[in-house]
Amino acid sequence: MKVLLAGANGYIGARLIPVLLEKGHTVVCLVRDKRRFHEQNNYSDKVTLLTGDLLKEESIQSFPDDIDAAYYLVHSMAQANDFAMLEALSAHNFAQAINKTNCRQIIYLSGITNDNDLSDHLLSRRHVEDVLKEAKAAVTVLRAAIIIGSGSSSFEIIRDLTEKLPIMTVPRWVNTKCQPIAIRDVLAYLEGVLLNDASFNKTFDIGGPDILTFKQMMLTYARVRKLKRYIITIPFLSPKISSYWLYFVTSTSYSLAQSLVDSMKNETIMKDHDIDTVVKRDCLTYEEALKLAFNKIEQNSIVSSWKDALNNGYLTSGFMDQIKVPQNGTLEYKVKQPFKRDSAEVLQNIMAIGGNRGWYYWDWIWSIRGFLDKLFGGVGSRRGRTSSISVSPGDVIDFWRVLLADKINNRLLLYAEMKLPGEAWLEFKIIERHNQAFLSQVATFRPRGLWGRLYWYLMWPFHLFIFKGMAKRITDFKEQKKQI
């Protein structure tokens with residue numbers, strides 16, 4: 001069958017593609033930029049790519065007439081005032097484009113909405129369901145609660161809280177019940193309802209076998225990890241304080257923290273098990289899903305992460321066009337570090353920067369900068385890396401976004417997502433000339449007004465020590481191999 005997938009670069013979409021390919025389906029992916037997809041996926045030559053921004057109807061390439069089914073896996077966790085309107089517009093444009101094809105089914109992954117007084121985001125999910133049902137094709141909706149898997153926002157938040165805090169004072173929403181489901185089971189249901197006549201024009205709740213409170217999920221995580229944790233509930237913590245609490249303790253952004261706290265007031269438990277008559281499956285328990293996520297992390301095989309989603313602003317569209325650092329109106333600090341070792345080893349050090357490896361020199365300064373960024377509403381440095389051994393355009397590295405990771409031309413280009421009075425780039429490149437190799441390291445800053453220039457010159461003494469020390473350590477660093 002020929003299947004269209006909208007949201008191919010997202011957390012769910014990136015994992016669904018190999019499942020569909022393994023079943024022998026022809027997969028057509030709708031993406032905003034083909035270059036990012038090619039860079040991130042090793043199966044890009046096995047799918048057909050279409051480009052288009054669903055918020056801009058005129059930008060969407062025509063869908064093939066012979067599409068049999070389509071997945072709509074486009075979600076927003078943004079906290080903008082008009083996010084619900086934008087989600088509805090995206091769904092409407094998708095449905096209109098599908099109507100021009102022979103598509104028989106649209107499959108949408110939504111959220112469980114069986115509670116009263118739904119959060120704004122759950123209400124938006126429900127509204128998107130209604131918008132998609134205006135299409136001529138049959139619509140199948142799968143509603144899930146928390147999805148547990150390596151790289152999922154829910155798993156990462158539970159991990160951050162439980163790993164970092166031996167004693168937690170938490171708001172009362174930790175006693176809200178939900179029905180978590182493993183990412184593996186979500187993918188199985190998504191594939192199982194594909195052109196399954198029994199699923200046409202129906203809505204199904206999906207979930208694992210456990211019904212747990214958020215408190216129970218954190219304590220179960222602690223038990224699996226053999227950690228002693230104590231949780232104290234404070235009923236008077238407001239949603240705003242709770243959002244800030246999540247924001248500062250975990251790697252999540254403030255907008256995502258707001259969305260999660262807002263939604264955590266609602267119980268997300270399956271109302272029925274009608275899905276069992278369509279797709280028979282014994283789902284993993286919460287504990288089994290946790291252990292599977294741990295295994296993926298230990299094997300450095302995290303396929304996708306919630307952090308891959310691009311921020312608003314500079315990187316919203318066409319960010320691959322920004323791989324050429326601007327020259328006009330910018331300030332630069334350059335380091336040229338010669339080295340005599342194998343260039344491949346130095347490149348490996350460059351590509352492993354950030355996350356658990358750190359920044360090679362004065363890591364404590366980078367940590368302070370990340371903390372200050374959090375104080376001013378930025379992303380901070382807790383996001384780390386999706387993988388410690390590979391990096392692709394669009395990945396995050398602490399408070400940077402990867403614009404280019406070119407192993408052929410020995411170049412890594414990062415763009416700063418921290419709060420700044422301007423824009424910043426950090427480029428690493430290995431240059432080989434006349435039997436001599438150099439590491440070129442260039443920090444570029446495009447200031448915004450007088451305060452931007454003042455900021456740059458205030459940081460100059462730190463740049464002087466940090467960037468020189470970092471370049472030397474990158475060229476000298478040798479990873480210690482573990483003794484077996």
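Buried here means under 20% relative accessible area, and by that cut-off seven of the seven residues of strand S16 (residues 400-406) are buried, so S16 is largely enclosed by the rest of the structure. The legends below start with that strand, and everything in them refers to a predicted model.

**View 1. Strand S16 sits between S15 and S17 in the sheet order.** On one side, two bridges join S15 to S16, and the pair runs antiparallel. Here Ile397 stands opposite Trp400 in S16. The S15–S16 hairpin has two residues between its strands, and Asp398 takes a positive phi near 55 degrees. On the other side, S16 pairs with strand S17 (residues 411-416) over six bridges, again in the antiparallel sense. Look for Val402, whose bridge partner in S17 is Leu414. This second hairpin has four residues between its strands, with Asn410 in the turn showing a positive phi of about 55 degrees.

**View 2. Zooming out gives an open sheet of six strands.** Reading across, the order is S14-S19-S18-S17-S16-S15, with antiparallel pairing. Strand S14 (331-339) and strand S15 (396-397) are the edge strands, each pairing on one side only. Helix H13 (residues 449-476) packs on the sheet and touches S14, S18 and S19. The direction of H13 makes about 5 degrees with that of S14. Within the sheet, strand S18 (residues 422-433) and strand S19 (residues 436-447) run antiparallel and are joined by 12 bridges. To find your place in that ladder, use Gly422, which stands opposite Pro447 in S19.

**View 3. Tyr71 is a good way into the largest nonpolar core.** That core has 43 residues, and Tyr71, Leu109 and Leu190 are those with the most contacts inside it. Quite a few elements chip in at least two residues each, among them strand S1 (2-6), helix H1 (11-22), strand S4 (69-72), strand S5 (105-111) and helix H6 (183-192). Leaving aside neighbours within four places in sequence, Tyr71 is in contact with Val3, Leu4, Leu5 and Ala6. The other contacts of Tyr71 outside that sequence window include Leu16, Leu20, Phe94, Ile107 and Leu190. There is also a second, separate core of 42 residues, which includes Leu347, Ile353, Val379 and Trp456.

**View 4. Helix H9 is tucked in among other helices.** Seven of the 10 residues of H9 (residues 254-263) are buried, so the helix is largely enclosed by the rest of the structure. The buried ones are Tyr254, Leu256, Ala257, Ser259, Leu260, Val261 and Ser263. As for what covers them, the list includes helix H4 (120-132), helix H5 (153-164) and helix H8 (239-249).

**View 5. Two loop residues, Asn201 and Lys226, have positive phi without being glycine.** Most residues other than glycine have a negative phi. Asn201 comes in at about 55 degrees and lies in the loop between H6 and S11. With a relative accessible area of 60%, Asn201 is exposed. Lys226, with phi near 60 degrees, belongs to the loop between helix H7 (214-224) and strand S13 (230-233). Lys226 also counts as exposed, at 76% relative accessibility.

**View 6. Asn175 meets residues from further along the chain.** Asn175 is in the loop between strand S8 (167-170) and strand S9 (177-178). Although Asn175 and Thr213 are 38 residues apart along the chain, their C-alpha atoms are separated by 5.1 Å. Setting aside neighbours within four places in sequence, Asn175 is in contact with Thr213, Lys215 and Thr233. Asn175 is partly exposed, with a relative accessible area of 41%.

**View 7. For context, the whole chain has 13 helices and 19 strands.** The C-alpha trace spans about 65 × 55 × 55 Å along its principal axes. A compact globule of 484 residues would have a radius of gyration near 23 Å, and the chain agrees at 23 Å. Buried residues make up 56% of the 484. Of the contacts with a separation of 6 or more, 74% come from residues 24 or more positions apart. The chain exposes about 22700 Å², with carbon and sulfur atoms supplying 52% of that area.

Terms used. Residues are numbered from 1 along each chain as its sequence is written. This is a predicted model: local features need pLDDT of at least 70, side-chain atom pairs count only at pLDDT 80 or more; totals for chains, interfaces and linings use all residues. Side-chain values use heavy atoms; hydrogens and water are left out. Two strands pair if DSSP finds at least two bridges between them. Contact means heavy atoms within 4.5 Å. Axes are lines fitted to C-alpha atoms, for helices over the stretch in contact, and angles run from 0 to 180 degrees between N-to-C directions. Buried means under 20% relative accessible area, exposed over 50%, partly exposed in between (1.4 Å probe, protein chains only). The radius of gyration is taken over C-alpha atoms; the globule rule is 2.2 Å times the number of residues to the power 0.38. Accessible areas come from the Shrake-Rupley method with a 1.4 Å probe; for residues, only the protein chains shown count as cover. A nonpolar core is a set of buried Ala, Val, Leu, Ile, Met, Phe, Trp, Tyr and Cys residues joined through side-chain atoms within 4.5 Å.
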